[in-house]
Structure formats: C-alpha cells, structure tokens
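Let's take a walk through this structure together, starting with a single residue and working outward from there. Have the viewer open as you read, and feel free to pause at each stop.

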Amino acid sequence: MSSFVLHILAMLLMLCDHLQLTLLPELPVLRCIGRLAFPLFAFMAVEGYLHTRSLKKYLLRLLMLAVISEIPFDLLVSGSVFDPMHQNVIWTIILGLCCIRAFENIAAGRKMMPSAVVIIAALGAAILARVDYSSAGVLTLLAFYAFRGNTLWCRLLQLLSLAFINLVLLGGIGFSYPYQALAVLSLPIIWLYNGSQGLHNGVIKTANYLFYPAHMLILALFSA
C-alpha cells in the first residue's frame with residue numbers, strides 16, 4: 001500500500017468522523033470508523049519527516065496549514081470563528097515532529113539538555129494550548145518514530161504504545177473507551193504500507209494539504 005493510498009484512506013476516515021459530528025449524529029458507527037484516522041495521519045507525518053529534504057520547509061508548510069485550518073476547525077467543533085479551548089490537529093503534528101528532532105539529538109548525544117527541554121515544552125504546550133489529542137497525540141508520533149520498522153518486535157511495541165495512549169491517556173480526557181480503543185485497528189492498515197509514494201505530483205500534494213481545512217469549512221457551513 002503506497003503513501004498515496006494511505007493518505008486517501010486517512011482522509012476518508014476523517015471525513016466519516018466529521019460527518020457524524022455535524023450532519024449525521026444518528027450514526028455513531030461513523031465515529032467508530034473515524035478513530036482510525038489520526039494514527040494514519042501521525043504515521044504518515046513521521047514518514048514525511050524521515051523522507052523530507054528540508055525539515056524547515058516541511059514544518060513551515062504544516063505551520064501555514066495549521067493557521068489556515070484554525071477557523072474551519074473552530075467552526076466545525078464549536079460553531080464559533082475563534083475557540084481558544086481547542087486547537088486543530090496540525091498543531092499536534094508540528095509539536096510531535098519537534099519532539100522527534102529533539103529525541104534524535106538526545107539519541108545521538110547532541111544538545112541533550114536543550115533537547116530534553118524541547119520535548120517537555122512541546123508536551124506541555126500540547127496540554128496548555130489544548131491541541132487536538134493533547135500530549136497523547138504528540139506521543140503517538142514519537143511512538144511511530146521510536147518503534148518504526150516491520151519486525152515483529154517493532155509491531156508489538158507499536159500495538160502496546162497505541163493501546164496505552166488510546167485506552168489510558170486519551171481515556172481520561174473526554175473520549176469514550178468504546179470509540180477511542182478502536183484507534184489500534186489502524187495498525188493492520190499501516191502494516192500494509194510498502195514504503196512507496198504511489199501517485200505523487202504538485203496537484204495531489206496540494207490537494208492532500210487543503211482537504212483538511214476545506215472539508216471542515218464545507219461541513220461547518222452545511223451544519224450551521
């Protein structure tokens with residue numbers, strides 16, 4: 001399964017989740033399906049980190065997307081243009097990638113104290129800024145980075161880490177167990193990833209980025 005296919009699946013799963021949140025509240029099965037979306041996005045963000053030619057440009061693109069997405073996200077989640085109590089998931093991904101870079105420095109014995117501060121600060125910022133999935137979302141990216149690989153041992157660690165994050169950490173901040181526990185079912189899909197990009201060009205890349213704010217804005221307007 002290529003990166004292109006994983007992105008399409010992740011977007012469809014997220015769409016299901018947001019449809020239940022807005023237009024189809026009577027279909028909780030869509031909420032269940034939607035629990036698989038974030039781990040897929042987190043995994044692909046880590047893959048993007050591992051293969052990007054410029055981390056600064058990658059983070060800059062994500063930063064622009066986070067800013068553009070904030071109003072559509074607030075409209076979707078709270079019905080207001082500005083909601084300081086909940087920030088979109090792109091901020092979560094940015095903080096997670098910053099933690100990964102700091103983790104790399106610590107593993108290599110470089111800038112250990114500043115890097116440790118970055119990780120603590122990023123986790124704290126995720127909580128204080130109330131980003132989507134909070135610090136547990138940041139830890140999800142770290143888990144996919146730390147336990148990357150196709151060996152049985154890596155997959156077992158991925159399973160255990162996602163189970164802990166979704167059942168223990170996310171279970172305590174307003175997510176209901178029956179729904180959030182289903183996030184671990186994203187792993188069999190992730191394990192089908194073959195490392196290839198699949199279809200890839202500028203148009204597809206732009207569409208992948210813009211789908212997030214665009215679909216939230218459309219759903220928010222239709223559900224208003």
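Our starting point is Cys98, which counts as partly exposed because its relative accessibility is 28%. Keep in mind that you are looking at a predicted model. Does Cys98 sit close enough to another cysteine for a bond, or too far? The closest cysteine sulfur belongs to Cys99, and at 7.2 Å from the sulfur of Cys98 it is too far for a bond. The cut-off behind that reasoning is 2.5 Å between the two sulfur atoms. Cys32 tells a similar story: its closest cysteine sulfur is in Cys16, and the 11 Å between them is too far for a bond. For the model, the disulfide count comes to 0. As a reminder, a disulfide is a covalent bond joining the sulfur atoms of two cysteines.

Now zoom out to the whole chain. What kinds of secondary structure does the protein chain hold, and how many of each? It has 11 helices and 0 strands, so the pattern along the sequence reads α-α-α-α-α-α-α-α-α-α-α. The C-alpha trace spans about 50 × 40 × 35 Å along its principal axes. For 224 residues, a compact globule would have a radius of gyration near 17 Å, and the chain agrees because its own value is 17 Å.

The packing can be described in several ways. Of the 224 residues in the protein chain, 42% are buried. If you take the contacts between residues at least 6 apart in sequence, 71% of them join residues at least 24 apart. On the outside, the chain exposes about 11,400 Å², and carbon and sulfur atoms supply 73% of that area. Charge gives another view: the chain carries 13 positive and 8 negative charges, and the mean positions of the two sets are 16 Å apart.

With that overview in place, let's visit some individual residues, beginning in helix 1. This helix covers residues 3–22 and holds Asp17. Is Asp17 buried or exposed? Asp17 is buried, because its relative accessible area is 8%, and the limit for that label is under 20%. Although Asp17 and Ile33 are 16 residues apart in sequence, their C-alpha atoms are 6.8 Å apart in space. Setting aside neighbours within four places in sequence, Asp17 is in contact with Leu30, Arg31, Gly34 and Arg35.

Helix 4, residues 55–78, is the next stop, and Asp74 is found there. Asp74 counts as buried because its relative accessibility is 1%. Which residues does Asp74 touch beyond its neighbours within four places in sequence? They are Gly79, Ser80, Val81, Phe82, Asp83 and His86. Looking the other way along the chain, Lys56 is 18 residues from Asp74 in sequence, with 27 Å between their C-alpha atoms.

Arg61 also lies in helix 4. Arg61 is partly exposed, since its relative accessible area is 29%. Once neighbours within four places in sequence are left out, Arg61 is in contact with Lys205 and Tyr209. Leu9, by contrast, is 52 residues away along the chain, and its C-alpha atom is separated from that of Arg61 by 22 Å.

Moving on, helix 6 is home to Ile127. Apart from neighbours within four places in sequence, Ile127 is in contact with Ser134 and Ser135. Thr92 is 35 residues from Ile127 along the chain, and the two C-alpha atoms are separated by 10.0 Å.

Our last stop is the loop between helix 6 (112–128) and helix 7 (134–146), where you will find Arg130. Tyr133 is in the loop between these helices too. What is worth checking in the backbone here? Phi of Arg130 is near 60°, a positive value in a residue other than glycine. Phi of Tyr133 is positive as well, near 70°, and Tyr133 is likewise a residue other than glycine. Their surroundings can be set side by side: Arg130 counts as partly exposed because its relative accessibility is 43%, whereas Tyr133 counts as buried because its relative accessibility is 9%.

How values were computed
Residues are numbered from 1 along each chain as its sequence is written. This is a predicted model: local features need pLDDT of at least 70, side-chain atom pairs count only at pLDDT 80 or more; totals for chains, interfaces and linings use all residues. Side-chain values use heavy atoms; hydrogens and water are left out. Helices (H or I, at least four residues) and strands (E, at least two) are DSSP runs, numbered from the N terminus. The radius of gyration is taken over C-alpha atoms; the globule rule is 2.2 Å times the number of residues to the power 0.38. Buried means under 20% relative accessible area, exposed over 50%, partly exposed in between (1.4 Å probe, protein chains only). Contact means heavy atoms within 4.5 Å. Accessible areas come from the Shrake-Rupley method with a 1.4 Å probe; for residues, only the protein chains shown count as cover. Lys and Arg count as positive and Asp and Glu as negative; His and the chain ends are not counted. The place of a charge is taken as NZ of Lys, CZ of Arg, CG of Asp or CD of Glu.
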